[in-house]
Amino acid sequence: MANDRLRIRREATPSPSGSGRHMTRAELAEAVNQYVWSTSRKRICLDADTVSRYERGQIRWPSAAYREGLRAILGVGADVDLGFHPTPRGRTVSASDSIRPSGQTTSAADKSSVSEPSSASSANSSHKVSMETRLAAIGMALTTFPASADRIPHADLLKKAKAAHDAYQGAQYVHLARALPGLIAAVADVGSSRSEQAARSHVYLVTAKLLSKIGDAQMAHLAADRALQAALLSEQVELVSACAYQVTCTLLREHGPAEAEQFSEAAFCRAGTSSPTQISTKGALALISAVASARRGDPAFAQNWLGQARRLADSLGTDANYAWTAFGPTNVRIHEVSVAVDLDKPDRAIELAAPVDTDLLPSGLKSRRGQLHIDSAWAYLQIDRDPEAVINLLEAERFAPQTVHHSASVRGLVAQMLERQSGTPGLRGLARRVGVAA
């Protein structure tokens with residue numbers, strides 16, 4: 001049952017942007033994060049996806065820090081005024097409150113944690129401070145008026161952008177974050193030729209990917225929109241589709257699944273199929289549309305989108321990575337798991353994940369491999385099988401350590417197991433590495 005009290009209260013609260021509109025989910029999440037930090041010095045990572053799950057009634061009893069922040073920002077005195085009620089099991093974090101990871105892309109689609117890094121994880125903490133500094137530098141590069149500089153040949157820019165895409169898919173986020181401010185500055189004032197605009201689009205596109213994964217949602221949307229505008233000027237159909245996919249990812253975080261699906265559907269109808277690359281980017285749009293349908297609670301539409309993705313994957317005939325989409329039959333199966341997660345069906349997610357062979361994916365797709373195990377960990381946690389959840393998180397860490405270490409979703413899962421005093425072997429070591437106080 002949807003939590004209309006929370007949604008109505010949010011929509012009655014003005015946006016802090018001064019736009020005259022109501023507060024968005026992303027704005028509410030950011031305000032709660034800032035409130036909790038300013039009042040308790042606890043660093044939490046609430047985001048728009050988790051607020052959406054609150055409003056859909058999939059999380060009925062958030063952790064205490066989150067409830068306090070929501071009460072303060074929305075101006076109510078009691079949890080019941082926001083539609084929150086203790087679960088029958090009486091946990092601070094219920095079985096349905098393990099912040100669900102995104103399937104992207106996406107999404108994802110990342111969730112929240114109530115714990116600061118402990119002293120035992122000082123190395124990890126300093127690593128994250130360094131990443132925060134780099135993300136801030138990316139944001140500054142996106143919002144600074146471009147200075148005049150010597151032009152870099154667009155062929156060299158495109159080569160660097162392709163290396164950046166590879167770094168993202170290989171979950172080399174620190175290396176990528178270090179390189180992006182310079183690349184953004186280099187493309188801010190490129191020429192108007194189609195090839196130069198293509199190079200510009202690719203730089204903004206990979207910037208949006210990183211910020212969607214671990215950065216600021218509004219900056220991610222800004223980068224994705226710039227990528228799309230440059231792609232349109234490049235007149236490359238497949239690049240337009242790839243950028244539209246990324247815009248959809250940011251809309252999921254900023255404006256919710258209905259608006260995101262409307263956008264992706266329009267892009268899907270426009271996408272071409274005259275080459276393997278165009279088939280792949282069109283297929284990626286079908287997958288993100290399935291995720292959006294699932295998040296708005298429509299399993300029939302989600303399955304329809306998955307069906308379209310399967311047909312495109314069958315026509316492609318292989319697990320490929322055209323335009324860095326990772327699109328193919330195996331990635332469709334991975335998204336079937338993500339859709340089951342978004343529909344809050346842990347048993348179905350476990351059933352679908354079991355036969356997926358990620359070794360069929362092209363080499364280098366570490367983040368995709370890791371995401372399947374993160375989704376599986378969420379599913380096992382819902383049915384109180386903590387050992388299997390930890391095993392999957394450790395396997396995700398083996399494939400993509402930076403994906404795990406920078407994931408608020410993983411921190412949320414780990415924090416939940418710690419809160420219910422799980423003694424699962426390997427959990428406390430993992431908690432230290434991801435920055436959750438054990």
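**Exercise 1. Describe the lining of the second largest pocket in this predicted model, naming the residues that lie nearest its centre.**

Solution. The lining of the second largest pocket is made up of 25 residues, and those that lie nearest the centre are R10, H22, R25, E254 and H255. Turning to the elements, two or more lining residues are given by each of α1 (4–11), α2 (25–40), α3 (48–55) and α11 (257–270). The largest share, 4 residues, comes from α1. When the lining is divided by residue class, 13 residues are charged, 9 are polar and 3 are nonpolar. The volume of this second largest pocket is about 480 Å³.

**Exercise 2. Find the aromatic pairs of the whole structure, and work out which parts of the chain the pair of Y54 and F84 ties together.**

Solution. The search of the whole structure gives 3 aromatic pairs. One of them joins Y54 and F84, whose ring centres are 5.7 Å apart and whose planes stand at 80°; since angles over 60 degrees count as edge-to-face, this pair is edge-to-face. Y54 belongs to helix α3, whereas F84 is in the loop between α4 (64–74) and α5 (122–143), so the pair ties together parts that are 30 residues apart in sequence. As for accessibility, Y54 has a relative accessible area of 1% and is therefore buried, and F84, with a value of 2%, is buried as well.

**Exercise 3. Analyse the pair of F268 and W305, and then state which residue lies over the face of F268.**

Solution. F268 and W305 form an edge-to-face pair, with 5.2 Å from centre to centre and 85° between the planes. F268 is in helix α11 and W305 in helix α13 (residues 299–316), so that this pair ties together parts 37 residues apart in sequence. Both F268 and W305 are buried. The face of F268 is also covered by K282, which lies at 4.1 Å from the ring centre. A further charge over a ring is found at F399, where the charged end of R398 sits 4.7 Å from the ring centre.

**Exercise 4. Place E238 in its helix, and determine whether E238 is buried or exposed, or in between.**

Solution. E238 is part of helix α10, which covers residues 237–254. The relative accessible area of E238 is 23%, which means that this residue is partly exposed, because buried would require a value under 20%. Leaving aside residues up to four places away in sequence, E238 touches T277, Q278 and T281. A comparison of sequence and space can be made with S275, which is 37 residues from E238 in sequence, while their C-alpha atoms are 9.0 Å apart.

Terms used. Residues numbered from 1 in each chain as written. Predicted model: local features only at pLDDT ≥ 70, side-chain atom pairs only at ≥ 80, totals over all residues. Heavy atoms only, no water. 1 Å grid on protein atoms, 1.4 Å probe; cavity = no way out; pocket = protein on both sides within 12 Å on 5 of 7 lines; lining within 4 Å. Points joined across faces, edges and corners; volume = space filled by probe spheres on them. Nonpolar A, V, L, I, M, F, W, Y, C, P; charged D, E, K, R; others polar. Buried < 20%, exposed > 50% of the residue type's maximum accessible area, 1.4 Å probe, protein only. Contact = heavy atoms within 4.5 Å. Phe/Tyr/Trp six-rings, centres within 6.5 Å; stacked < 30°, edge-to-face > 60°. Lys NZ or Arg CZ within 6 Å of the ring centre and 35° of its normal.
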